[in-house]
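Colleague: Could you take one part of this predicted model and go through it slowly for a first-year student? I would like a close look at the salt bridges and at how open or covered their partners are.

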Amino acid sequence: GQTLTVEIADNAERSARGLMFRKALPEGTGMLFVFPDEQIRSFWMKNTFIPLSIGYFNGKKELVDVQDMVPVTSELQTEVPTYVSRSPAQYALEVPKGWFSKHKITLKQKFSFL
């Protein structure tokens, strides 16, 4: 039972901006991306300067994939890797890098809204 305070990205504008241009993401916080359906999702770290982990969750809110994402070093960086979910996802949760392993959050575990 871990509790996070998250910002919700539930429209195109918030999803596109994500955590860009931030200098830090405090422990216990994150950003939850909410999509209208389940499908393979792809994220990148354009203009994102903090190391993150991303957890992809299916429509049942079960964790289906976790990946660590490497921050960019400059706004001018044009080659940015993408992080594609290994399974269809309806939700994506970005948290400080290592959060899932630190809290022993494993595949198939579920999240809920409080």
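Modeller: In this predicted model, R41 counts as buried, because its relative accessibility is 9% and the cut-off for buried is under 20%. The side chain of R41 meets that of D37 in a salt bridge, with 2.9 Å from N to O, and D37 is partly exposed, having a relative accessible area of 34%.

A pair with a buried and an exposed partner is formed by R86 and D65, whose side chains meet in a salt bridge at 2.4 Å, N to O. R86 is in the loop between β6 (82-84) and β7, whereas D65 belongs to strand β5, so this salt bridge ties together parts that are 21 residues apart in sequence. Here D65 is the buried partner, with a relative accessible area of 2%, while R86 is exposed, with a relative accessible area of 62%; the cut-off for exposed is over 50%.

The structure holds five salt bridges, and another one of them joins the side chains of E7 and R22, with 2.7 Å from N to O. Because E7 sits in strand β1 (residues 5-9) and R22 in the loop between α1 (12-17) and β2, the pair ties together parts that are 15 residues apart in sequence. In this salt bridge E7 is partly exposed at a relative accessible area of 35%, and R22 is likewise partly exposed, at 26%.

It helps to set these charged pairs beside the nonpolar residues. In soluble globular proteins, nonpolar side chains tend to be buried together. The largest nonpolar core of this model has 19 residues, and the members that touch the most others in it are F33, F43, L52 and Y56. Strands β2 (29-39), β4 (52-57), β5 (63-69) and β7 (89-96) are the elements that each give two or more residues to this core; β5 is also the strand in which D65 lies. Separate from this core there is a second one of nine residues, which includes L93, V95, F100 and F111.

For a single residue of the largest core, consider F33, which, leaving aside residues up to four places away in sequence, touches A9, R14, S15, G18, F43, Q90, Y91, A92 and E94. One of these contacts, F43, is, like F33, among the residues that touch the most other members of the core.

Terms used:
Residues numbered from 1 in each chain as written. Predicted model: local features only at pLDDT ≥ 70, side-chain atom pairs only at ≥ 80, totals over all residues. Heavy atoms only, no water. Core = buried A, V, L, I, M, F, W, Y, C linked by side-chain atoms within 4.5 Å. Buried < 20%, exposed > 50% of the residue type's maximum accessible area, 1.4 Å probe, protein only. Helix = DSSP H or I, 4+ residues; strand = E, 2+ residues; numbered from the N terminus. Contact = heavy atoms within 4.5 Å. Salt bridge = Lys/Arg side-chain N within 4 Å of Asp/Glu carboxyl O.
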